[in-house]
Amino acid sequence: MLGICRGRRKFLAASLTILFVPAITWIYLFAGSFEDGKPVSLSPLESQPHSPRYTASSQRERESLEVRVREVEEENRALRKQLSLAQARGPAHHRANHSKTYSMEEGTGDSESLRAGIVAGNSSECGQQPVVEKCETIHVAIVCAGYNASRDVVTLVKSVLFHRRNPLHFHLIADAIAKQILATLFQTWMVPAVRIDFYDADELKSEVSWIPNKHYSGIYGLMKLVLTKTLPSNLERVIVLDTDITFATDIAELWAVFHKFKGQQVLGLVENQSDWYLGNLWKNHRPWPALGRGYNTGVILLLLDKLRKMKWEQMWRLTAERELMSMLSTSLADQDIFNAVIKQNPFLVYQLPCFWNVQLSDHTRSEQCYRDVSDLKVIHWNSPKKLRVKNKHVEFFRNLYLTFLEYDGNLLRRELFGCPSEADVNSENLQKQLSELDEDDLCYEFRRERFTVHRTHLYFLHYEYEPAADNTDVTLVAQLSMDRLQMLEAICKHWEGPISLALYLSDAEAQQFLRYAQGSEVLMSRHNVGYHIVYKEGQFYPVNLLRNVAMKHISTPYMFLSDIDFLPMYGLYEYLRKSVIQLDLVNTKKALIVPAFETLRYRLSFPKSKAELLSMLDMGTLFTFRYHVWTKGHAPTNFAKWRTATTPYRVEWEADFEPYVVVRKDCPEYDRRFVGFGWNKVAHIMELDAQEYEFTVLPNAYMIHMPHAPSFDITKFRSNKQYRICLKTLKEEFQQDMSRHYGFAALKYLTAENNS
């Protein structure tokens with residue numbers, strides 16, 4: 001900013017030079033052209049040799065003066081050239097300054113028109129531009145509750161991270177659901193120079209529950225009122241944002257506005273851009289009291305230290321109590337109460353230019369907040385219609401929002417060079433583990449995948465589950481990628497119990513899945529399905545990581561470990577719950593096997609009973625699973641015995657056995673070293689056997705594998721020799737680890753492998 005002021009001073013000095021140097025020169029020449037009080041002509045026509053005044057001395061003087069004139073003109077041309085270059089460099093120089101400091105957009109503390117706000121916002125004064133230091137931490141507070149709001153927060157945070165150059169500290173006032181989702185997300189996102197603190201929103205309910213609120217945000221829409229009490233007492237200032245905000249600039253520019261607060265100004269707000277508080281939207285419309293159009297609280301700058309000294313808590317409570325006697329309830333949640341307080345105490349407000357909160361709801365004056373795209377700072381989707389709101393430029397705003405919605409969050413893991421960051425134990429451990437790997441190892445990429453931290457968004461859609469009274473509930477666990485999405489509806493029709501799914505998707509694919517799910521009556525009618533998004537990273541499909549994520553987030557005591565390509569028999573959910581009781585799974589380490597079959601037909605009349613299945617098996621419509629390519633995988637199930645069995649029977653583990661089982665939720669996780677195709681389930685069943693699980697086949701249960709195109713990973717396995725070599729190496733290392741962990745009992749796995 002100082003550079004800009006110096007540039008203006010240079011410009012002024014150069015301009016004066018251009019104006020005054022020629023003038024002084026010509027005065028000097030004019031004065032020097034008089035001799036004995038008479039003018040000396042410089043015209044060559046008048047300076048003839050026969051002139052009585054013509055002398056050798058005067059000729060030399062005239063020539064020297066002409067040379068001086070030409071020199072001055074050359075200097076003037078050079079100055080003009082320098083000025084034009086300086087003006088061309090001006091904007092670039094201004095941008096270069098932003099890499100170190102951020103100037104504040106000038107606002108106003110007075111009530112003025114929106115357009116005047118823009119003019120004021122684009123003005124600046126030399127020597128009075130406050131800055132944000134390079135490594136200064138910017139504090140942001142957000143109230144977030146529920147599944148949908150948690151998704152919105154991610155898009156908001158992406159837009160902030162995309163533009164930011166400063167460390168960030170997010171203060172999230174969240175309910176239990178949002179905390180679980182966002183804590184996992186940020187822990188696995190691992191963005192440098194970002195700190196997250198959570199505050200229990202449920203504990204704050206008693207502070208505002210006495211206020212009736214008609215707004216769709218519910219009780220959580222009132223919690224910004226208690227931030228002075230909720231946030232740390234040593235926190236002096238904070239930017240407060242709604243979840244439906246999108247940033248189009250560096251948040252440091254907004255943080256710099258705090259330096260413009262004067263006197264008793266403690267709230268930075270943008271004027272409301274609708275006519276709501278004018279009370280003329282419809283007949284008998286009676287809004288809460290407000291100053292003029294009132295202020296929108298989607299973006300707030302809070303000077304917490306001054307607010308506490310002013311006894312903000314007492315101030316807003318007294319105002320709310322007084323107004324509620326006549327208004328009975330709030331219509332716009334905290335915004336009504338903020339405006340009622342400001343109506344009584346207008347000196348509290350520093351009015352921000354309206355481009356800091358361009359409000360995209362119907363019938364607003366938001367179009368007056370910008371003349372060009374470069375004017376946009378913050379976009380606020382504050383209509384219940386969200387992206388379907390009416391606005392002349394809504395298509396542009398929608399595309400900007402969708403850009404961040406589908407933006408690869410992994411690209412935002414940028415280091416802030418030159419800024420010290422707090423030690424992150426998880427990050428340090430990860431770096432240590434990776435440094436111990438040999439990058440020259442031909443299987444390096446396989447080994448690295450085991451330590452890759454994938455960004456994970458739990459419960460991407462609304463989830464509800466009520467525990468069964470008899471404590472026998474079973475959750476179906478599976479994982480999938482985008483190419484298996486079509487299986488979801490069929491599985492939901494076959495399995496009425498809870499489901500936990502881990503989906504391996506990119507950010508853009510996650511939004512495609514969301515639209516698909518929201519457009520499906522079958523999926524939207526089911527609230528007991530937990531969808532957990534694991535975001536893509538790396539070249540392998542992390543199949544066992546996905547299984548572990550789905551297993552970890554079940555709400556039932558038992559789980560059915562399935563795959564997305566299988567359809568369970570109708571009624572399997574209830575049958576398994578009865579089997580859990582019958583086989584005393586709660587007190588014994590059993591793995592109940594559901595026999596697996598397959599069809600090669602895309603259109604199948606699904607068997608409704610075991611008898612019907614056996615008939616289809618005899619006719620060649622169905623087959624035992626993988627009998628023609630991988631017999632060993634399910635041979636120990638003993639299908640011949642199953643055909644006539646009427647009671648559960650026990651089978652022994654054999655090499656390469658990989659059945660689909662029902663187990664207690666405390667069973668061991670899958671081994672992450674196995675990625676893509678090969679040995680991912682085999683290793684898990686081997687570990688269950690090592691832990692002395694008893695394998696029991698259920699006589700009246702079955703599942704059928706539906707046909708699909710070969711996966712990319714199985715294609716790589718078949719075509720890439722190095723892939724197969726690395727898989728063999730990982731198998732051997734896993735068996736060695738088993739021997740070290742389980743001792744003598746694990747030797748049979750080495751023997752079985754050698755004999756197979």
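Trainee: Is E509 buried or exposed, at 16% relative accessibility?
Mentor: This is a predicted model, and its values are computed from it. Buried means under 20% relative accessible area. E509 has 16%, so E509 counts as buried.

Trainee: Which residue forms a salt bridge with E509?
Mentor: Look for a side-chain nitrogen facing the carboxyl oxygens of E509. The closest N and O atoms are 3.2 Å apart. A salt bridge needs them within 4 Å. The partner of E509 is K536.

Trainee: How many residues apart in sequence are the parts that this pair ties together?
Mentor: E509 lies in helix 16, residues 507-518. K536 lies in the loop between strand 16 and helix 18 (543-552). The pair therefore ties together parts whose separation in sequence is 27 residues.

Trainee: What class does K536 fall into at 35% relative accessibility?
Mentor: Buried means under 20%, and exposed means over 50%. K536 stands at 35%. That is why K536 counts as partly exposed.

Trainee: Which residue forms a salt bridge with R547?
Mentor: The closest N and O atoms of this pair are 3.1 Å apart. R547 sits in helix 18, and its partner in the loop between strand 17 (558-561) and strand 18 (566-568), 16 residues apart. R547 is buried, and so is the partner. The partner is D563.

Trainee: Which side chain meets E694 in a salt bridge?
Mentor: The N to O distance is 3.6 Å. E694 belongs to strand 24 (residues 694-697), and its partner belongs to strand 22, 44 residues apart. E694 counts as partly exposed at 25% relative accessibility, while the partner counts as exposed at 51%. The partner is R650.

Trainee: How many salt bridges does the structure hold?
Mentor: The pair E509 and K536 is one of them. R547 with D563 is another. The structure holds a total of 35.

Trainee: Which strands stand at the edges, each with a single partner strand?
Mentor: Read the order of the open sheet: 13-16-15-14-17-23-19-24-22, nine strands with mixed pairing. The edge strands each have a single partner, so one side of each is left without a neighbour in the sheet. They are strand 13 (456-457) and strand 22 (649-651).

Trainee: Which residue does T456 stand opposite in strand 16?
Mentor: Strand 13 and strand 16 (residues 529-535) run antiparallel, joined by two bridges. Across from T456 in strand 16 is V534.

Trainee: How many of the five residues in strand 6 are buried?
Mentor: Strand 6 covers residues 237-241 and is mostly covered. Strand 3 (residues 138-144) runs parallel to strand 6, with three bridges. Strand 9 (residues 295-303) pairs with strand 6 in the antiparallel sense over five bridges. Of the five residues in strand 6, the buried ones number four.

Trainee: Which residue in strand 9 does R237 stand opposite?
Mentor: R237 belongs to strand 6, residues 237-241. On the side of strand 3, I142 stands opposite L241. In strand 9, R237 faces L303.

Trainee: Is D440 buried or exposed, at 68% relative accessibility?
Mentor: D440 is found in the loop between helix 13 (425-435) and helix 14 (444-449). With D438, E439 and E445, D440 forms a negative surface patch. Exposed means over 50%. At 68%, D440 therefore counts as exposed.

Trainee: What is the area of the nonpolar surface patch made by F744, L747 and L750?
Mentor: L750 lies in helix 25, residues 747-755. L750 is partly exposed, with a relative accessible area of 30%. Together with F744 and L747, L750 makes a nonpolar patch of about 310 Å².

Conventions. Residues numbered from 1 in each chain as written. Predicted model: local features only at pLDDT ≥ 70, side-chain atom pairs only at ≥ 80, totals over all residues. Heavy atoms only, no water. Patch = residues over 30% accessible without salt bridge, like charges linked within 9 Å, V, L, I, M, F, W, Y side chains within 5 Å. Areas by Shrake-Rupley, 256 points an atom, 1.4 Å probe, with all protein chains shown as cover. Lys, Arg positive; Asp, Glu negative; His and termini not counted. Charge placed at Lys NZ, Arg CZ, Asp CG, Glu CD. Buried < 20%, exposed > 50% of the residue type's maximum accessible area, 1.4 Å probe, protein only. Pairing = 2+ DSSP bridges.
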